[in-house]
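Please read the following report alongside the sequence and the three-dimensional coordinates of the chain. The headings take up nonpolar cores, an internal cavity and two individual residues in turn.

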Amino acid sequence: MAAARGGLSRFLAAAALCVLWAAAVEARSPAARVHRHLKRLNKPAVKSIESPDGDIIDCVHISHQPAFDHPLLKNHTLQLRPAYHPEGLYDDAKSSLASDNGDEKPMLQLWHQNGRCKEGTVPIRRTKKEDLFRASSMRRYGRKQHPIPNPMSVDLTMLNEGGHQHAIAYVEGDKYYGAKATINVWEPKIQQPNEFSLSQLWILGGSFGADLNSIEAGWQVSPDLYGDNNTRLFTYWTSDAYQATGCYNILCSGFIQINSEIAMGASIFPISNLAGSQYDISILIWKDPKEGNWWMQFGKEYVLGYWPSFLFSYLADSASMIEWGGEVVNSEPDGAHTSTQMGSGRFPEEGFGKSSYFKNIQVVDSTNQLKAAKGVGTFTEQSNCYDVQNGNNGDWGTYFYYGGPGKNSNCP
C-alpha cells in the first residue's frame, strides 16, 4: 500500500513537472512573446474609435500611457502645460491644418470622422500583431537605425550607406532651444514596403557619432511601420544615435502626451493635390526654460506633450544644429535607384502647387525668442534624385522647396 502511494506521489510530481515545463515552453513561444509585447504597448482603453483607414484609436487614461513604464517616470509629476511658450510666434491660422479654402476648417486626422477622446485621456493608435510581424524583430519594432544628414561631412564613397537620402535646410554654430516650421503635406509614392518617405524637423545635440541626441517630428509614409501608404503625423527621439534608446511616436516610454485630440502615428487628413488645394501642418518644438523639458505643439491650439529632459545628455542643455527637410530610404531595388518620392515627388523648381515646401522656418534662441532662421545652408546627397532650393520673402519668411521623384533619366 505504501509503495502504491509512493508511486502515485512520484507520478503526480512528474505530471506537475510536465505541466510546468509545457507552460514554460508556451511562455517562450512566438505567439506568447507577441501577446506580451502587445500588452505592454496597448494600455486599457476608456473608449476605442475605429478610423475609416482601419486604425483603432484607444482613448487611454493620461496616467496609464506607455511613457510611465520608464523607471525614471514612476514618480514623475505630470506637467499638464508648459511653464513658458516661446515669444514671437507667427500668427498661425486657427486650424493646425491650413488650407487655401478660405474659412473652411478641415479635419486634422482621419479618425476624427468617427469620434473624439475625452479630456483626461490621450488617443493612442493601437498596435496590432500584423504590425509586429512586419518588423525585423519585436525588439526593433518602432525603432530606426540610420545616419542623420551631416552637411559638414559628406563622403561620396559612402553615399548610400544605410540607404538613406536627404534634401534639407539647416543651421548650426549656435545654441538652439527649439525650432518651428509650416510643412506642406503630401502622400509620396513608395516603391518598396521596406522604404519610407518623410518630411520633418530635427533638433540635434552632440556629435554625429554614437552620442547623438535627436528629437524629430513631421509627417511620414511608411508601409513597414503602419501597413499602408497613408500620410501620418509622427515623432521620434534618441539619445544614443538610434542604438538602444528612443522610438517612433509612443511605441516606448519617453514622450509624455497630454493632448486628447491628436494621435501620434494617425493619418493626416486632408492632403495636398497636384495643382489643387494645398494643405500644411505647423510644428513647434521648444525647451521650456523653467522645467527644461522639450515640448511639442501642433498648429496654434494643440500642445501635444513633452520629452523629459533627463532622457537626453546634450539636449538636456541645448541643441547645436537644427535641420528641416525630407528623407527617403533608397534600397536600390534591382540595383537601380528607388522611385520612392520625396515631398510631392516633384523637383523644387516646379514651385507652388507642384513642389513641396517648408515655410516660416524659425529657431528659438537663448532668450526664448522665436526668430527667423539666419545663415541657412542646404544639403542633398544627389541633387538629380532629390533637390532643395531656399529663399526668403515677406509672406513665407525663410522657406525652401524640396523633393523629387527619385529614379529618373538623370538619377538611374
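What follows describes a predicted model, beginning with its nonpolar cores and ending with two residues considered one by one.

## Nonpolar cores

The largest nonpolar core of this predicted model comprises 93 residues, and those with the most contacts inside it are Ile203, Leu233, Ile283, Ile285, Met296, Trp307 and Trp324. Of these, Ile285 can be followed in detail: with residues up to four places away in sequence not counted, Ile285 touches Tyr177, Gly178, Ala179, Leu201, Ile203, Ile215, Ala217, Trp294, Trp295, Met296 and Trp307. Apart from the largest core lies another, of 7 residues, which includes Ile49, Trp111, Ala263 and Ala266.

## The cavity

The structure contains 1 cavity of 30 Å³ or more, and the volume of the largest cavity is about 90 Å³. Its lining is made up of Ile124, Arg125, Thr127, Tyr141, Leu225, Tyr226, Asn249, Ile250, Leu251, Met264 and Gly265. The elements that give two or more residues to this lining are β4, spanning 121-125, and α4, spanning 223-226.

Sorted by class, the residues lining the largest cavity are 7 nonpolar, 3 polar and 1 charged.

## Thr398 in strand β20

Thr398 belongs to strand β20, which covers residues 397-403. Is this residue buried or exposed? Thr398 is buried, because its relative accessible area is 7%, below the 20% under which a residue is taken as buried.

The side chain of Thr398 is in polar contact with the side chain of Asn392, at 3.0 Å. When neighbours within four places in sequence are left aside, the residues in contact with Thr398 are Lys359, Asn360, Ile361, Ala372, Ala373, Val376, Gly391 and Asn392, so that Asn392 appears both in this list and as the partner in the polar contact.

## Asp240 in the loop between β9 and β10

Asp240 is located in the loop that runs between β9 (232-238) and β10 (247-248). Although Asp240 lies in a loop, it counts as buried because its relative accessibility is 13%, which is again under 20%.

Which residues does Asp240 touch, not counting residues up to four places away in sequence? They are Ala210, Leu212 and Thr245. Leu212 is 28 residues from Asp240 along the chain, yet the C-alpha atoms of the two are separated by 5.3 Å. In addition, a polar atom of the Asp240 side chain lies 2.9 Å from the backbone nitrogen of Ala244.

Terms used. Residues numbered from 1 in each chain as written. Predicted model: local features only at pLDDT ≥ 70, side-chain atom pairs only at ≥ 80, totals over all residues. Heavy atoms only, no water. Helix = DSSP H or I, 4+ residues; strand = E, 2+ residues; numbered from the N terminus. Buried < 20%, exposed > 50% of the residue type's maximum accessible area, 1.4 Å probe, protein only. Polar contact = N/O pair within 3.5 Å; in protein donor to acceptor, adjacent residues only side chain to side chain. Contact = heavy atoms within 4.5 Å. Core = buried A, V, L, I, M, F, W, Y, C linked by side-chain atoms within 4.5 Å. 1 Å grid on protein atoms, 1.4 Å probe; cavity = no way out; pocket = protein on both sides within 12 Å on 5 of 7 lines; lining within 4 Å. Points joined across faces, edges and corners; volume = space filled by probe spheres on them. Nonpolar A, V, L, I, M, F, W, Y, C, P; charged D, E, K, R; others polar.
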